[in-house]
Structure formats: C-alpha cells, structure tokens
Amino acid sequence: MAGDSVIIKAHENEIIGIGIIGTGFARSTQLPAFRACEGARVLAIASGHRENAERVAREFDIPVVASDWREVVARGDVDLVCITTPPLTHAEMALAALDAGKSVLCEKPMAMNAGETEAMREKADASGRLALVDHELRFLPARRRMREMIRGGDIGRVRHAKFLFRSDSRAAADRPWSWWSDERAGGGALGAIGSHAVDALQWLLATRATHVSASLAAHTPARQDPASGETRPVTADDEASLLLNFAEGDAAEHATGVVCLSMVEAGRPEHSIVVFGSEGALRVEGAGKLWHARVGEGEWREVETESAPLAEGLRDNEWSRGFTMFAREIVAALVEGRAGVDGAATFADGHRTQLVLDAARAAHESGCRVVVRDEG
C-alpha cells in the first residue's frame, strides 16, 4: 500500500477507536502503549476466556467486553482491530476485520502458512486499509540508524549477517503446556522469534532470502496441561537454527546469514544482530546500542543514536520501547487518514517472511536446503 493513500474513518469522532482481540501480549505491551497515545482509546476487548477480558477491561478502563471476537470487529466505533491471539486464528480474524472496513494490526507470526498470508495480503491490497504486522523492533532508533548506514555504504557491500536470540524462558520442565507448545496452533520459537529474525534481516539488507537450511528441536518432550491436569506432548520447537542465502541487492553481494534461536539456554539473555560488509560491520543489541567496526581496526566503536521512549506501565525491554514508538505512528496515521506507516511491516512484508518460515520447516523435515518461493 502506498504511504500517501487516504482512508476514510468508520465514524466522525475525533478519537481513534481501537478494538483488541486477546489479552496476553495486549495486556503486557499494547494496552499501556496505546493508553499513552493522544487521539486514541481502546473501546473494546475480546477473549475466548471472558474472565480474562473482564479483568483486563477493569484494569485499563475499557468499556466493552466480549466473548466473541466478531463483536469487536462489527462495532461501528472501532477503527483499528489489534489481533493478539495464537497464530492459528490470525487469518480468519484479519480477513473478517478487513471485510468490515477496519484497519488491522496483526501479531507475528502473521499466520500459519504462506497460503493464509497470501490471502491476507490480497485482501489488504483490495481494501486500501492500514494492514500491518507487529514488527515493532523496526521502530527502535538504533535499528533505523543501522539500516541507514547499511544502505549508505558505511560497511561496503554486505557479505554476512548473524541473528542471535537466547533465553531460558522455556527451559524449566515444569512450565505448563499452552498453545505455545502446540505446532498446530502456531507455537514455537521459529514463528515467535524467527519471524522477527527473518523480517529484520530482509528489512536491514533490503533484499530477500532465496535459500534456507534449518534444524528445529523441542527439548522438553511433554508438559502438564493446567486445564486438564494431563501431560501433553510438546510438538512446537524451542530451538531453531537457520542458514540463509540472500538475493543480490543494492547493499548485498552473495550475502549469507545465520539465525540462532533458543528459549532453553541458561545464562544472560542475548538478542543481537551483526551485519558484516566488505569494509566493516555493524552490531545492534536489544533495545539499544549500535556499534560500528572498520576492517583492520580490531575494535567496535559506539554509534550515537537516540534512545527509544518507554510508555508508563511497560517493562523496560526492546519490545516495549519499540511498540511505544510504533503505537504513536499507527495512531498518527489513522488520525491523518493515511493507509500506511513509514517503515512499518505491511501484510506484503509478512507474506515474504512467511515464505521463508515455510521453507525453513520444509528444510528441517527434508534435511535438505530449500529454495524460498518467489512471491512473484
């Protein structure tokens, strides 16, 4: 969608009405960030577990609670629908919201497979509405500066990139079973963090992945389901490793990439991206610092960047700071009647990411290097 496209609001009120589907990430991140935005208010929230929606509605003074997400989509005072449910439900909800004339912010991974994301992209294009994937890390100033420097030739031609994410958030064997443990619901590290990794690398390098090799692993074979008390098998990965090749681009030349993701590694959590070029390298860590190295110098020098703001009530991490900035941009676009947010991940971007995730799963299952389907 073109950034200068214009949309017509669903109603004539000055306040942008937001409807939320889901109470997990919405409660921890999206609601505090939207609460800090002038010109917007969350008017409705839905959850299949109504008690969860009622609890969150009391905390954030949300006037309408629903058990059925369709009630949120149908409301005339809702301009933006935020989908924060498990990936299994994303496509149906996003398509329904676009059909209802709403703008959409969809959590990542965008859907279950590229067939679903292609349908979502086509519907978004036809609707002319704002349709974005929540890759909030694009809005961190250090990452934006990194992208500018790569495109500006500060490290020469890009040759290689490394994405590392490690934590022990799912290492404990007594952590309860949830949809995150279920591959059929879209759980697993490849979708949750791998979608960020693929989007970040394709966005930073301004090109697309063409080939992928992958290995996925689930190190805890079973967990107890708190709802039933029964032990259920874990079918979703908690570790994922990818080898990537990228198409030639303005900044990249025969570029390769490595993505290492683990939710079961003890020690200090890490989240970093390093991009190596013919004349130097750039490294960004978490929410903050950007570093630059020149070939032959043997050291990193910090690059000065702005610090990202943090909305009140949010935990201080890269996701929270990124979404604080992203939420402001979304609301500003809707207030001004724009169908695009500069630098945000569109449904077309989400589809390109899903093509790589699908290829990674196919590579793991076959044990072979797989060609990423060209979106055409």
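Select Lys162 and Val274 to begin, for Lys162 stands opposite Val274 in strand β13. The model is a predicted one, in which local features need pLDDT of at least 70 and side-chain atom pairs count only at pLDDT 80 or more, while totals for chains, interfaces and linings use all residues. Residues are numbered from 1 along each chain as its sequence is written, and side-chain values use heavy atoms, with hydrogens and water left out.

**The pair of strands around the starting point**

Extend the selection to β7 (residues 158–166) and β13 (residues 270–277), which run antiparallel and are joined by 8 bridges. Strands here are DSSP runs of E with at least two residues, helices are runs of H or I with at least four, and both are numbered from the N terminus. Two strands are said to pair if DSSP finds at least two bridges between them.

**The sheet**

Now colour the open sheet of 9 strands, whose order is β16-β15-β14-β13-β7-β12-β11-β8-β18 and whose pairing is mixed. At its edges stand β16 (301–303) and β18, each with a single partner strand, so one side of each is left without a neighbour in the sheet.

Move next to β8 (residues 209–217), which is joined to β11 (residues 239–246) by 8 bridges in an antiparallel arrangement; within this pairing, Ser213 has Leu243 of β11 as its bridge partner. Strand β8 is also joined to β18 (residues 370–371), again antiparallel, through 2 bridges, and here the bridge partner of Val212 is Val370 in β18.

**Two residues with positive phi**

Stay with the sheet and select His254 in strand β12 (residues 252–262), where phi is near 50°, a positive value in a residue other than glycine. At 62% relative accessibility, His254 counts as exposed; the term exposed means over 50% relative accessible area, buried means under 20%, and partly exposed lies in between, with a 1.4 Å probe and protein chains only.

Then go to Asp61, in the loop between α2 (50–60) and β3 (64–66), whose phi is near 55° and is likewise positive in a residue other than glycine. Asp61 is exposed too, with a relative accessible area of 55%. Most residues other than glycine have a negative phi, and most peptide bonds are trans.

**A cis peptide bond and a buried glutamine**

Select Lys108 and Pro109, since the peptide bond from the one to the other is cis, with omega near -10°. Pro109 lies in the loop between β5 (103–106) and α5 (114–127).

Which residues outside its immediate sequence neighbourhood are in contact with Gln354? Leaving aside neighbours within four places in sequence, they are Pro109, Met110, Ala111, Met112, Asn113, Ala114, Thr117 and Arg361, where contact means heavy atoms within 4.5 Å. Gln354 itself is found in helix α10 (residues 347–366) and is buried, with a relative accessible area of 1%.

**The whole chain**

Finally, zoom out to the full chain, whose secondary structure comes to 10 helices and 18 strands and whose C-alpha trace spans about 60 × 50 × 40 Å along its principal axes. Of the 376 residues, 53% count as buried. Among contacts between residues at least 6 apart in sequence, 71% join residues at least 24 apart.
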